[in-house]
Structure formats: structure tokens, C-alpha cells
Amino acid sequence: MAMTLRLTREQDTVLTLLARVEGVSKQEAATRAIVAAARRTLVDAEARRIAEQAVDSELALLRSLL
């Protein structure tokens, strides 16, 4: 699917540097950055969900002991 990505001059410079360092096109660098950001967000959300469940579980256990 085609898409136009509008970047500031600074953002384009950063993307160009990222692509150069990774040895890929700017399109590939942008795609990789999007996938990496999505992965981090999903992992963070899952970790938060697991932590909340653990806290809820521990809280329920503590309440049952009182």
C-alpha cells in the first residue's frame, strides 16, 4: 500500500542517518522503526497487564489473610 510520509527537515535527516547506519533504504528504515515501535508498545502493554494481574492476585491474597 502506498503512503506519503511528510517529515520535517530534521526528521528526514535522522531517517537518512538511520538508513545509512542500517545499510537500507529510507523506506526500509522507516518500516523497521514502525515495527520496532509497535513491538515495544505491545510488549510494554503485555508486561503492564501481567504486573496488574500479579498485583491484583497478591492484593486478593492479602485481603483473604486479614
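## A spread-out pair of helices

Buried residues account for just 6% of the 66 residues in this protein. Keep in mind that this is a predicted model. Its fold comes down to two helices and zero strands. The radius of gyration is 21 Å, well over the 11 Å that the globule rule gives for 66 residues, so the protein is more spread out than a compact globule. Along the principal axes, the C-alpha atoms fill a box of roughly 60 × 25 × 20 Å.

On to the surface. About 6,000 Å² is exposed, with carbon and sulfur atoms supplying 61% of that area. A nonpolar surface patch is formed by Met3, Leu5 and Leu7, which together offer about 320 Å² of accessible area. Met3 sits in the segment before helix 1 (9-22) and is exposed, at 70% relative accessible area.

Now the charges. There are 10 positive and 9 negative side chains, and the centres of the two sets lie 8 Å apart. The salt bridge count comes to four, including these:

| Pair | Closest N to O |
|---|---|
| Asp12 and Lys26 | 2.7 Å |
| Glu22 and Arg32 | 3.6 Å |
| Glu46 and Arg49 | 2.5 Å |

Asp12 forms its salt bridge with Lys26. Asp12 lies in helix 1 and Lys26 in helix 2 (residues 26-65), so this pair ties together parts 14 residues apart in sequence. Glu22 pairs with Arg32; Glu22 is in helix 1 and Arg32 in helix 2, so here the linked parts are ten residues apart in sequence.

Glu46 and Arg49 both belong to helix 2, three residues apart, or about one turn of the helix. Glu22, Glu28 and Arg32, meanwhile, are joined into one network by salt bridges that share partners.

Terms used. Residues numbered from 1 in each chain as written. Predicted model: local features only at pLDDT ≥ 70, side-chain atom pairs only at ≥ 80, totals over all residues. Heavy atoms only, no water. Patch = residues over 30% accessible without salt bridge, like charges linked within 9 Å, V, L, I, M, F, W, Y side chains within 5 Å. Areas by Shrake-Rupley, 256 points an atom, 1.4 Å probe, with all protein chains shown as cover. Salt bridge = Lys/Arg side-chain N within 4 Å of Asp/Glu carboxyl O. Helix = DSSP H or I, 4+ residues; strand = E, 2+ residues; numbered from the N terminus. Buried < 20%, exposed > 50% of the residue type's maximum accessible area, 1.4 Å probe, protein only. Rg over C-alpha atoms; globule rule 2.2 N^0.38 Å. Lys, Arg positive; Asp, Glu negative; His and termini not counted. Charge placed at Lys NZ, Arg CZ, Asp CG, Glu CD.
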